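Let's take a walk through a protein together. Have the sequence and the 3D view ready, and follow along at your own pace.

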Amino acid sequence: MGAMNKLRQNTGVILWILVLSFGIIWTLQDSDVFSAMNQPDRSVATVNGSTIQQQEYQRVLERQRERFQQQLGGDMNPQMESRMREQAYNQVINQELLQQEMGRLGISVTDSEVEEMVFGENPHPVIRRQFADSTGQINYQLLQNMASNPEARSQWIQLEEFLRRQRRQQKMNSLVQSTIQISEQDIQNYHRRQNTSASARYVGLRYARVSDDSITVTESDLRSYYDNNQEDFKRQKTVTLQYATTSKEATSADSSAISGDLADLRADFRTTENDSLFLLNNASDRDFSRSYRTPDQMSARVADSVYANTEPGRIVGPVFGGGRAHLLKIRDTQPAENDYLHARHILLKTDQADSELMGRLQAIRDTIESGSATFAQMARRYSDDGSASEGGDLGWFARGSMVDAFEEAAFGTEPGQLVGPIRSEFGYHLIRVEARASEAVQFTDLAYNLSPSQSTLSDKESLLGDLAYFAEEEGNFQEEAERLGLSVEEVQVETNQSSIPGIGQSPALSQFLSSASSGSMSDVIEMSDKFVVARVTSVTPEGYRPFSEVKAQIRPQVALQKKRAVQTRRMERALAQNGFDALPEVLGTEIRTQSDITYSTTTVPGLGQEPRFVGTVFGLEEGETSGVVEGANAAFVVQTTQKNTPPALTDQERQQIRQQLLKQRRQQVSSNWIAALKEDATITDNRTQLR
């Protein structure tokens, strides 16, 4: 009985300890109060002489991984892991800079402030979450029990330290953001920029229409441009590196194995009466679905195979598409709400009628029809469209998704036929229709990811590991790569580049380059689509690129300047002598009109991307005509024909805009402030020493 009475008397203390153990400790751990135990005391970085221990960095990294799992689930690929490590590193650097700045400014938190955060009228959210009773009120008796309990002293100190840090950072944030003000003019300007529109007429002369033969670029011109724009050629520390890669794509052996697995299941797949259970039993990467799909909802290869014959009961495949191997059973069809085409095209770009381009495209058509070359070959060689590398393949698309002229020609053509040249707003097209469809298909998709086996990945990574080892032993990266059957690329990059040509974004490689010296060899770096190993062959310190190195790069810029001067002078004379309305006839061009111009308009028909166009339009009164404006791509004259002023703001709209601008400015100020602290700091990255 004595033991039970003592237990009852101490119920508050026991309850507190339980609450602390299962509630606050988790909160504190998530807030960087605890130090990781039993880990080596190694520094991941120094900031202005203060060290950041590896366990602090690891703790931040683990929290980021946990958040990733909670929000997205699944596994991170190597590039995501590398990016997350970089984010964790930047976070601990920023935290240290913040702590140092608060110390410099003398920002502190008194004991009475901490006490107020626990026992005051408005306690900290941690206290509210952990010590509220069933009515939502704080159980202050429980708090008093904890504060006076010697056995919970260490936990109480940790709680106080957490609250002190929270309050101190809150004071720092308030100080930084106290300078942020949103004026009435800011609100009006934002409202005007978001809601004002205009219409205009304009005449333009594109610089590209001046022939190269009509201008002369001298050595003196190039040298003068270099001298006047030398800051454009400033470079950071630059490294030249050789690198070799091995792709993480599945090998032909991997693909054959997967295709063979599907082929073995073909007969059973045809006869099974329960498709859903069949997918489940055979570990399909695609779930059973009763949905009807149109060809634009499938990969092009799968759609081509399905729509070759949509008879219900037919087994399609194995077919590869969308990074998977598929075996499909067609279950049913129904009329689609739209018509669909699979087509290829060759595009010769122009924004105006051009008989020469039309003739070139007709000659391309003649070559294809004669059998001298395939459509895909000619598309790769001549097309100005992004689909050129795919042989002009546009995949499947629905009626209504292309520009009118293209669509009318394509949908009026039977599969296997050519049509064109036809002109659209993008230029001249030659089109080949591959297939067409007007029905949706219901099918069961037994699919396996077309991924390399673990053995394949290990072999490819080991191959680069061998290259790194033997190249360091023998001293010749190129020869050892060739001996192992690998090709070597060479690239020059600035050490602060986020993306490396031919490789892509790799924080791990960027980190290696930041401290690498001539002859340094990287570890084998895993990316989402390949393995990489690199060797630094030379290091160039920060400075200016010499004239001889950038001379070829400068020439197009100087030529553009001269063409700009030609077209600007020509338009200025025509405008002065004839007026705006006569410009088309005098200059051999046309007056264009544009409506619904807003402050966010970036592209102008006939002019391309012209940042100065919008500013000029809104800087004029209705009916007013500008002078000649030197744009990025053309000299132009614009006449504003209409301006639509937005309605007056309501109080509610004004408050919404104020809050939106305030949030944006706070984020911007905080980001700029941290960036300024980082720029002025001396930071040493020790991560390479921890590998």
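In which kind of crossing does α14 pass α15? Before the answer, keep in mind that you're looking at a predicted model. Now find the two helices: α14 covers residues 355-369 and α15 covers residues 375-382. The crossing is right-handed. Their axes come within 9 Å and cross at roughly 150°. Angles over 145 degrees count as roughly antiparallel, so α14 is roughly antiparallel to α15. Who does the touching? On the α14 side you'll find Ile364, Thr367 and Ile368, and they meet Phe375, Met378 and Tyr382 of α15. Sort the residues of this contact by class and you get five nonpolar, one polar and no charged ones.

Next, try another helix pair, α8 and α23. Here the axes are 10 Å apart, and the packing angle is about 105°. Angles of 65 to 115 degrees count as roughly perpendicular, so that's the label for α8 and α23. From α8, the residues Met172, Val176 and Gln177 meet Arg666, Val669, Ser670 and Trp673 from α23. The class count for this contact reads four nonpolar, two polar and one charged.

Hold on to Met172 and Trp673, because they turn up again in the largest nonpolar core. That core has 23 residues, and Met172 and Trp673 are among those with the most contacts inside it, along with Ile52, Tyr57, Ile93 and Leu97. Which elements give two or more residues to this core? They are β1 (43-47), α3 (54-71), α4 (78-104), α8 (153-177) and α23 (651-680). The largest share, eight residues, comes from α4.

Let's zoom in on Ile52 from that core. If you skip its neighbours within four places in sequence, Ile52 is in contact with Arg42, Ser43, Val44, Ala45 and Val47, and also with Val92, Ile93 and Glu96. Ile93 is itself one of the core residues with the most contacts.

Now for some backbone oddities. Most residues other than glycine have a negative phi, and most peptide bonds are trans. With that in mind, look at Asn48, in the loop between β1 and β2 (50-53). Asn48 isn't a glycine, yet its phi is positive, about 50°. Is Asp596 similar in its phi or opposite? Asp596 also isn't a glycine, and it has a positive phi of about 55°. You'll find Asp596 in strand β17, residues 592-597. As for accessibility, Asn48 is partly exposed, with a relative accessible area of 41%. Asp596 has a relative accessible area of 61%, and since over 50% counts as exposed, Asp596 is exposed.

What about the peptide bonds? The one from Gly317 to Pro318 is cis, with omega near 5°, and Pro318 lies in strand β6, residues 315-321. The bond from Gly420 to Pro421 is cis as well, again with omega near 5°. Pro421 belongs to strand β9.

While you're at β9, which covers residues 418-424, look at Ser424, which is part of that strand. Is Ser424 buried or exposed? Its relative accessible area is 9%, and under 20% counts as buried, so Ser424 is buried. Leaving out neighbours within four places in sequence, Ser424 is in contact with Val403, Ala405 and His429.

Technical notes: Residues numbered from 1 in each chain as written. Predicted model: local features only at pLDDT ≥ 70, side-chain atom pairs only at ≥ 80, totals over all residues. Heavy atoms only, no water. Core = buried A, V, L, I, M, F, W, Y, C linked by side-chain atoms within 4.5 Å. Buried < 20%, exposed > 50% of the residue type's maximum accessible area, 1.4 Å probe, protein only. Helix = DSSP H or I, 4+ residues; strand = E, 2+ residues; numbered from the N terminus. Contact = heavy atoms within 4.5 Å. Axes fitted to C-alpha atoms, helices over the stretch in contact; angles between N-to-C directions. Parallel < 35°, antiparallel > 145°, perpendicular 65-115°, else oblique. Left-handed = near helix turned anticlockwise from the far one by under 90°. Nonpolar A, V, L, I, M, F, W, Y, C, P; charged D, E, K, R; others polar.
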